[in-house]
Amino acid sequence: MDVVAKAWTWLATGSHWAGPDGVWHRLGQHLFLTFVCLAISCAVALPIAVALGHIGRGGALAVNISNAGRAVPTFAVLVLLLLSPLGTHGQWPTIIALVLFAIPPLLTNAYVGVHEADREVVEAARGMGMTGAQLIRRVELPLAFPLIMTGVRTAAVQVVATATLAALPGGGGLGRIITAGFRLTDTPQVVAGAVLVASLALVVEGVFVLLGLVLDPMRRRTGRGPTAARRPPADQAPASPALTT
Amino acid sequence: MADGNCLISNEWICGEYVRTRGQELTDATLEHVGITLASVAIGLLVAFPLALLARRWRPVAGPVLGLTTILYTVPSLAMFSLLLPVFGVSAAVVITGLVLYSLTILVRNIMAGLASVPEEAREAARGMGYGPLRLLFGVELPLALPALMAGLRITTVSTVSLTTVGAIIGYGGLGNLIYEGMRSFFKAEVLTASVLCVALAVVADLLLLGLQRLLTPWARKSRKGTT
């Protein structure tokens, strides 16, 4: 196809990668936004989710937030924030939207992970005289780690996707290459931008899959032992609210 | 509040806007519903054979699930942009993109539903002389319905919300109004379209929940069956 060849040429042209509208600068903006927003959302959502999971309350809240996150269009929130009084404060509308949409997967997965941590192990740990804090740190968190990481991964992919959409109301990031292509009716540029965005999303997903495997505190102790089998199966969709925008 | 002035003072909530642009709102809502319905229906039609295929030939299951997961990772703006050269500027771009997204959850949930059918039920049906097709549609599918419907609800709700991004090529239903309102800083248009969009998602979800209750009357008493 002609467009594919032209998109390739677009990507191979050095001048498209340099300057304030170039790929490197846009990629930098995208990664910066992703990193900052993911960090903020983790700092907000994970402590709440772990605390709720530990005391076993608020399950309905976790599920409802995740459902609401699915029903509310990211694009609408981005535009609403832009038109609100916050809209004049530079990047803040984008950052707030990104954080809002990263929180549901983090909250739900971490809650489920801690709440569903093997009750027998938790009881045994309590019987050994562990305090609440010790229980969270040494038992529930390690057991919940795979699901927490699933949440972080989903949130990261979500942030990358939402940051792309932020280009529509004029935010930075790789999405700008796509929207600029649309404005110039330059389909090869649109496709080239889309390839860049899709690659970034896949790389981010891949990096977090690897991080999850490498950092798993249970990995060395049990390998593929019984704990692995006890993880909730990924098939049961309610617990894995992966979503893209 | 003087209704006539809210258009001029650009307020968020404006009855005058709804009254004067009623037709535009209706058209956008209908387009939104149409795109969503088409996407979810085609998604189901594609996902069902895929799930059956993946169940029959185990080696296919891994690649099918892997590929749909990868598709799900692609951001929507990029997905629509990548499909643009294939279909040109048309609703097909948005619908195809949404179908590809819907496959992830639909295939998974249909497979999970079929896997949850008790072997005894299958044996009993075979003993009664059910052929493979009748077994599938008469026994397995009804028993897999709770999981299937759960997947369908998730898919429908996210499809309603993702349709808005179709505005980039002018086929986004209510998203078109949001896009237009964004460019002209028209607050009432953006808010009204956004609220309608969320309402659409909620209504669709409730309708599907009702449908599920109707289709699985046996699950009403003991709620353990619902996934």
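**Close-up views of the chain A and chain B interface and a cavity**

**View 1. No salt bridge links the two chains.** The count between chain B and chain A is 0 salt bridges. The model shown is predicted. Polar contact is found across the interface of chain B and chain A for 1 residue pair, with both residues at pLDDT 80 or more.

**View 2. Helices of chain B form its side of the interface.** Two or more residues each come from α3 (58-73), α4 (76-87), α5 (91-115), α7 (132-163), α8 (174-183) and α9 (187-215) of chain B. The side of chain B that touches chain A holds 29 nonpolar residues, 12 polar and 1 charged.

**View 3. Chain A and chain B bury about 3,600 Å² between them.** Carbon and sulfur atoms give 81% of this area. Three residues, T73(B), L77(B) and M182(B), supply 16% of the area that chain B buries against chain A. No other three residues supply more. The contact involves 42 residues of chain B and 39 residues of chain A.

**View 4. The second largest cavity is lined by residues of chain B.** The model has 3 cavities of 30 Å³ or more. The second largest has a volume of about 60 Å³. Its lining consists of Y72(B), Y101(B), S102(B), I105(B), T155(B), S158(B), T159(B) and L162(B).

**View 5. Two helices of chain B each give at least two residues to the lining of the second largest cavity.** They are α5 and α7. The largest share, 4 residues, comes from α7(B). By type, the lining of this cavity divides into 4 nonpolar and 4 polar residues, with no charged ones.

Note on methods: Residues are numbered from 1 along each chain as its sequence is written. Chains are lettered from A and ligands numbered from 1 in the order in which they are written. This is a predicted model: local features need pLDDT of at least 70, side-chain atom pairs count only at pLDDT 80 or more; totals for chains, interfaces and linings use all residues. Side-chain values use heavy atoms; hydrogens and water are left out. Contact means heavy atoms within 4.5 Å. Buried area is the accessible area (1.4 Å probe) that two parts lose on being put together, summed over both. A salt bridge is a side-chain nitrogen of Lys or Arg within 4 Å of a carboxyl oxygen of Asp or Glu. A polar contact is a pair of N or O atoms within 3.5 Å; within protein, one must be able to donate a hydrogen and the other to accept it, and residues adjacent in sequence count only if both atoms are side-chain atoms. Ala, Val, Leu, Ile, Met, Phe, Trp, Tyr, Cys and Pro count as nonpolar, Asp, Glu, Lys and Arg as charged, and the others, Gly among them, as polar. On a 1 Å grid over the protein atoms alone, a cavity is a set of points where a 1.4 Å probe fits but cannot get out, and a pocket is an open set with protein on both sides within 12 Å along at least five of seven lines; lining residues have an atom within 4 Å of a point. Grid points are joined across faces, edges and corners, and a volume is the space filled by probe spheres set on the points.
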